[in-house]
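Q: I've got a complex open in the viewer and want to know what stands behind the labels people put on it. Can we go through them one at a time?

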Amino acid sequence: MSNSAAQLAYLAPELVVAVGAVAVLALDILLPERSRRLLARATAAALLASLAAVWWLYAGEVAGRPERLFTGTLVRDGYSLFLDAVFLLAGILGALVSARYVDREGLQSGEYYALMLFAVLGMMLMAVSAELVTLFISYEILSLSVYVLSGIARGRAESAEAAMKYFLLGAFSSGFLIYGIALIYGATGTTALEAIGAAVMSRGLFGNSLLLIGMALVTVGFAFKVAAVPFHGWVPDVYQGAPLPVTAFMSAGVKAAAFGALARVLFTAFGSLSAVWQPALWLLALLTMVLGNTAAIAQTNIKRMLAYSSIAHAGYMLAGVAAYTAGDVALGSVLYYALVYTAMNIGAFAVVLVVGREGEGNQELSDYRGLAVRHPWVAAGMALFMVSLSGLPPTAGFLGKFYILNAALRANLIGLAVALVLASLISWYYYLRVVWLMYFIKPGEAPPTLSGAPSLRLAVGMAAVLVLILGLWPSAALNLAQVAALTVTAGGLPVIGRP
Amino acid sequence: MVPTIAYVIVSAVLFTIGVAGVLLRRNALIVFMSIELMLNAVNLSLAGFARQFGSATGQVFILFVLAVAAAEVAVGLAIILAVFRHRDTVDVDNMNLMKW
Amino acid sequence: MTEWILFIVLTAVAVGSALMMVLNRNPVHAALWLVLTFLAVAVFFLVLGAQFLFAAQIIIYTGAIMVLFLFVVMLLNLEREREPIVTGGQRAAAVALAFALLAVLVIAIAARTSFPTMAMVPGGITLTDLGVALFDEWLLPFELASILLLVAMIGAIALARRRT
C-alpha cells in the first residue's frame, strides 16, 4: 500500500471528523451571533457522516482484513472500526445533550464543539494506532481537548479547578506513559506493537526487567485514564466540576478509548507476558469494583454518584481485559461493554441534564423525589438507565455484564467473577434508590421544572432505544464485537502497508 | 565511552525527582514544572537509546515529546491562569491531589 | 575519558539543579533552576551525538517553554509560599513513594540482560537521517503532532482570553 491517497481512504472516518472540527471553527466566525446554535447540528452532522464512512468501510469488508497504513503506524481493522462507532455514538449523544446547555450557560460554542470533535478524533486515532508513539500523540490530542472542555465554563470556579486537577494528574500520568514507552523502545528497539510482540518471542525477553518496568509504567499511565483504583482520585471532583454535558461525553468516550488502547497494547505487544500483567489487572479490577461501588452508596449528589459508578464500571471492564486467556471472548466482551456503557451512561447523564437548572442546579438525589408523578416519561427513561447500570435484565447492562462474567469464567478467574457479582449486588442499592425516589416518594415543595429542549429528549430517547435493543436483540452488535476482537487476537497477519 | 545504561540511570534519577516534585509541592506551577522535568528525563533516555541503536528513530521520538510538552504548556498555563482568576491562588492543597 | 568527565559534570549539574527546583520556595528561582536542568540535558544531547536536538532543546524548552512559565509566574505575582511542601503523613508517603520508584527503576535498568545490538551508523546520526526518518517513516505521527498543536492553540485561547 504505497499510494497515499489509497491509504487515506481507509482513514475516511477520521478525516471527516478532522474536517468537521475545522469547519465548525470556521462557521463560528462566519455565522451571525443568533445562528450559533447551528453549530451543534453541524457537529452532529460531521459525526453522522463519519459514522457513514465507518459503515462504508465495514461494507467494503475491511473489518476482517487488517490493513497496515503509513509504514505500520496505523492499522485499520474491525477492532478500530467497532471502537470508532462507539466513539461516534458518544460524540453524537454528547453533541445532542450539549446544544441547550451551551446556549443557556453562554459557553463559547465554536471552541466547545470544535474541541469535542477533536476529542473524538483523538479517540479514533488511539483506536487505529498500531505503534506506541502514534498512540501517545493521539492520547494527547484527546487529553488536551477534554482538559479544556472541563474548564470551558469560565464563569464557575469549580469548572476551572476541575480542569486544573484533571490536567495536572493527566499530564503526570502521561509522563509515566511516555517513560514506559521509552523503556520499551530501549528493551526491544521498536515501538510497533506487533514488532514488540515478535521481539519478545524471538529474543526471549520474558524476564527482561527493562521491558517489564516499561510495560508496568504504560499500564499505570492507562490506569489513570480509565480511573482504576488507586489512580482514581481525580474522578469525583473532575466529573462534578466539569460542565455536565462534558462529563457525560467524557465519562463514556474517554473510558472506551483508554480501554481500547490498553487492551490492544496488552493483547498484541505483551500477549506472551500475560502471566505478569494478568494478576496485576486482576487486582486493579477487584479494587476498582469494590471501592467504586461502596463509595457510590454514600453520595447525595447525583453527579458524584455517577462518577463513582463510572469507577465501578471501569472495574468491570478491567475484569474483561484481565480475562486475557479467554482470547477473543474476553476482548469481545470488553468491546460490547464499551458500547453498552456509552449508551446507558450518557442516557443517565442526559436525564440529569433534563432535570438540572442553570449553573449546575438541581443535582441532588432529593431533587428526584416524585419525578414519576409529573414527568412519567423522563422518569421511565431514568429508571431504564438505572436498571441497566445495575446490570438487571432485560437491559443491555445485564448482557454486557453477563459476557464479561462469561469471559472471566472461561479464563478460570473464578474469584474475580464472584467479586463482580457481589459488587453488582452492592450497586443495586444506589441505582435502585433513584428509581425508588422517583416512584414512591412524594415530590418536595418545589417540584422540578424540566428543560424541554427537543435535542435533549432526542438523546434520552436514542439512548433508551439502544439500551433496549442491545438488551433484547444483542446478536448483531455482539457479532460485530466478536469479529472485531478476532482481528486483534488472531495475530500474525501478514504485514502489508510499507511503501 | 560511557555506556548507554549510565545515561538511562541518570534519566531515571531525573524522572524520580520530577515525580517527587509532583507529590511534594503545593504550588500548581511548580507541580507543572516537575512534570516538564519528567518529560525531559524521558528525552535523555531516548537520546541514549538513539545512540545505542544508531537509529534516527529515537531522536524523532524526542521531537515528538518536545511537541507534546509545548502543547501541554500552552494549555496547562492557560488553565492555571483561569484558576488564579477565580481563586487568587494556585495552591493545589485544597484540591486533594493526593487523595487516593 | 573526556566523555566520562563530561558525563559526571553534567549529571551533577542536572540532578543538583533538578533538586533545587523541587525544593525551592520561590517560583521564579525554581523556574531558573529548571532552566539549568534543561541546559544540562541539552548538552547531554550534544554528547550523545544529537546536535539538532541540542539546538531544539534550547530553543523550545529554555527559549519558549520556560519563558512562558516565567511570564505566568510574573503575571500571577505570587508571593513566596509559607508552606511550599506538603506536610505530615503526606510528605512521608510522597518521599517513600519516590524512593521506592527510584529503587525499582534503577534495579530494573541495571538488571536488564542486554540492549538489542544494532549496526552503529558510521559518523553518527546526521540531520539528513533525522529529516528522512521524520518525513518518511514517521510522516503520519508528524501530521498528528500538528493537530495536537492546533488543539493546544484553540484550547489556550478559549481558556485565557478575556470575556467580551
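Q: What phi does A:G204 take, just after α8(A)?
A: A:G204 has a positive phi of about 60 degrees. The helix before it, α8 of chain A, covers residues 193–203; helices here are DSSP runs of H or I with at least four residues, strands are runs of E with at least two, and both are numbered from the N terminus. Bear in mind that this is a predicted model, where local features need pLDDT of at least 70 and side-chain atom pairs count only at pLDDT 80 or more, while totals for chains, interfaces and linings use all residues. Residues are numbered from 1 along each chain as its sequence is written, and chains are lettered from A and ligands numbered from 1 in the order in which they are written.

Q: Which residues of α8(A) are buried, and what covers them?
A: A:L193, A:E194, A:I196, A:G197, A:A199 and A:V200 are buried. The cover includes α7 and α11 (244–269) of chain A.

Q: Why is A:Y430 called buried?
A: A residue is buried if 20 or more other C-beta atoms lie within 10 Å of its own, exposed if 12 or fewer, and partly exposed in between, with C-beta atoms placed from the backbone. A:Y430 has 24 C-beta neighbours inside 10 Å, so it counts as buried.

Q: What does A:Y430 touch, leaving out residues up to four places away in sequence?
A: A:Y430, which sits in α18 (residues 414–440) of chain A, touches A:A296, A:I297 and A:M305. Touching means that the C-beta atoms, placed from the backbone, lie within 7 Å. The C-alpha atoms of A:Y430 and A:A296 are 7.0 Å apart, although 134 residues separate the two along the chain.

Q: Why is chain A called as compact as a globular protein of that length?
A: The globule rule is 2.2 Å times the number of residues to the power 0.38, and the radius of gyration is taken over C-alpha atoms. For 499 residues the rule gives 23 Å; chain A has 21 Å, which is close, so it is as compact as a globular protein of that length. The C-alpha trace spans about 70 × 55 × 40 Å along its principal axes. Chain A has 20 helices and two strands, and 68% of its residues are buried.

Q: Which two residues touch the most other members of the largest nonpolar core?
A: Those are A:A350 and C:L148, in a core of 332 residues. Such a core is a set of buried Ala, Val, Leu, Ile, Met, Phe, Trp, Tyr and Cys residues joined through C-beta atoms within 7 Å. C:L148 touches residues of two other chains, among them A:I137, A:L144, B:A67 and B:A71.

Q: How many residues does the contact take from chain B and from chain C?
A: It takes 64 from chain B and 68 from chain C. On the chain B side, α3(B) gives the most, with 23 residues. That side divides into 47 nonpolar, 13 polar and four charged residues; Ala, Val, Leu, Ile, Met, Phe, Trp, Tyr, Cys and Pro count as nonpolar, Asp, Glu, Lys and Arg as charged, and the others, Gly among them, as polar.

Q: How confident is the predictor about chain C and the complex?
A: Chain C has a mean pLDDT of 87, and 88% of its residues reach 70 or more; pLDDT is the predictor's confidence in each residue, from 0 to 100. The complex gets an ipTM of 0.95 and a pTM of 0.94.
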